[in-house]
Amino acid sequence: MNTDVLLETRGPVGLVTLNRPKALNALDLGMIRALHPALEAWAKDSQVKAVVIRGAGGRAFCAGGDVRAVALSLGTPAPEGQEPLSRAFFLEEYRLNHLIHHYPKPYIALVDGISMGGGLGLSVHGSHRVVTERLVLAMPETAIGLFPDVGGGWFLPRFPGEAGTYLGLTGNRCNAADAMWLGYGTQHVTHDKLDAVVEALAAADWSTGEARQVATRVLNGFASEPGTSPLGAHAEVIDRCFAKDRVEEILAALEAEGTPWAQETRATLGRMSPTSLKVTLRQLRLCRGKPYDEAVTVEYRLSQHVTALPDFREGIRAVLVDKDNKPTWNPPTLAGVRESDVEACFAPLGARDLVLH
């Protein structure tokens, strides 16, 4: 029994509570292994009409995948008969995201507080994403020598204009109004109404129409306006600067803008792993327009190649272990990142490729 994931049914609703509040409900392999079979069982159970997922503790929905554990496992042989964590974690996380992406019933994420990285994997692929005024949304992978995975290559290019490119490269944080503008949020509901939302879904008459329509109707009954998106206010300049296909060109465009916002954005990019920036931009361009199931194969290849590079361990050290936020990237500049090194991150894995249909 995994107490980090609480599973219950409330009438016709399967309810998941991510219950690792001290770790901001970061998703580890044990949680993935508890969640996957439960979702599969509820998908087949005719009594369960919808699934709701939420986070415990009041601070986070899910602050991401437990990449710290993955980084600390590198270089240590896996126990006999087991896959290395760097392989098993991404393999099973991506399979879980795939299940959610193709889930046959309403899958409703109550996204309250922090939702980053793997938290988007547990939410963006579902049918409904309820965001609250406490939302902090981000894909901050370039700051830890990684890339925006869990389907980032699929969903970031589907955000308006170049907003997804901007968010994937900078890791900047979004609020609820931004999330609604992006199309990540489907309803904005204040935090104090979330328990009532669960009760209303459990009490709903699911025979009154198609299940997704019933879920939408219930959620819309609690919805309120989130206000104006700060991110949306910068849409024009984001589209202008982040439409480029080389990171160097994006930096040059920001410099040409010359505004405080552009200078700040340029400085943010300057702190990220140069390798991650180049890999991420290529990922977003390559996967733009690809079906999700094809993007997953690309991301699994990236997960295996990129986590083997020095920047991943260094990024985890600087941000999550020592927390000095002073990573020493290798190579330290964009000029030092060879195109052949970027290409190598996308190389097929042969028999180990992840192919999902």
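**Stop 1: helices α3 and α15**

Select S86, R87, F90, L91, Y94, N97, H98 and H101 in α3; in this predicted model, these residues meet Y292, D293, V296, E299, Y300, S303 and Q304 in α15. By class, the residues of this contact divide into 6 nonpolar, 6 polar and 3 charged. Next, display both helices as cartoons, α3 over residues 85-101 and α15 over residues 292-306. Their axes come within 10 Å and cross at roughly 165°. Angles over 145 degrees count as roughly antiparallel, and α3 and α15 are therefore roughly antiparallel to each other. The crossing of α3 and α15 is right-handed.

**Stop 2: helices α6 and α14**

Move to α6, residues 163-170, and α14, residues 274-287. Here the two axes come within 9 Å, with a crossing angle of roughly 155°. That angle makes α6 roughly antiparallel to α14. The crossing of this pair is right-handed. To see the contact itself, select G164, T165, G168 and L169 on the α6 side, together with L277, T280, L281, L284 and R285 on the α14 side. The contact of α6 with α14 has 4 nonpolar, 4 polar and 1 charged residues.

**Stop 3: the surroundings of α6**

Keep α6 selected and colour its residues by relative accessible area. How many of the residues of α6 are buried? The helix is mostly covered, with 8 of its 8 residues buried. They are A163, G164, T165, Y166, L167, G168, L169 and T170. To find what covers these buried residues, add the neighbouring elements, which include α7 (176-182), α10 (230-233), α11 (235-242), α12 (247-257), α13 (260-271) and α14. Then step just past the end of α6 to G171, which takes a positive phi of about 70°.

**Stop 4: salt bridges**

Side chains of opposite charge can pair when their charged atoms come close. The structure holds 23 salt bridges; the selections below show some of them.

Begin with R266 and E255, whose closest N and O atoms are 3.5 Å apart in a salt bridge. R266 belongs to helix α13 and E255 to helix α12, so the pair ties together parts that are 11 residues apart in sequence. R266 counts as partly exposed, at 33% relative accessibility, whereas E255 is exposed, with a relative accessible area of 53%.

Return to α14 and select K278, which forms a salt bridge with E339; the closest N and O atoms are 3.8 Å apart. This pair links distant parts of the chain, since K278 lies in helix α14 and E339 in helix α17 (residues 339-344), 61 residues apart. Is K278 buried or exposed? K278 counts as buried, at 10% relative accessibility, because the cut-off for that class is under 20%. Its partner E339 counts as partly exposed, at 48% relative accessibility.

Now select R338 and D341, which form a salt bridge with their closest N and O atoms 3.0 Å apart. R338 counts as exposed at 55% relative accessibility, while D341 is partly exposed, with a relative accessible area of 32%.

**Stop 5: a salt-bridge network**

Finally, select E162, D245, R285 and R288, which are linked in a network of salt bridges. R285 in this network was already selected at Stop 2, among the α14 residues that meet α6.

Definitions and conventions
Residues numbered from 1 in each chain as written. Predicted model: local features only at pLDDT ≥ 70, side-chain atom pairs only at ≥ 80, totals over all residues. Heavy atoms only, no water. Axes fitted to C-alpha atoms, helices over the stretch in contact; angles between N-to-C directions. Helix = DSSP H or I, 4+ residues; strand = E, 2+ residues; numbered from the N terminus. Parallel < 35°, antiparallel > 145°, perpendicular 65-115°, else oblique. Left-handed = near helix turned anticlockwise from the far one by under 90°. Contact = heavy atoms within 4.5 Å. Nonpolar A, V, L, I, M, F, W, Y, C, P; charged D, E, K, R; others polar. Buried < 20%, exposed > 50% of the residue type's maximum accessible area, 1.4 Å probe, protein only. Salt bridge = Lys/Arg side-chain N within 4 Å of Asp/Glu carboxyl O.
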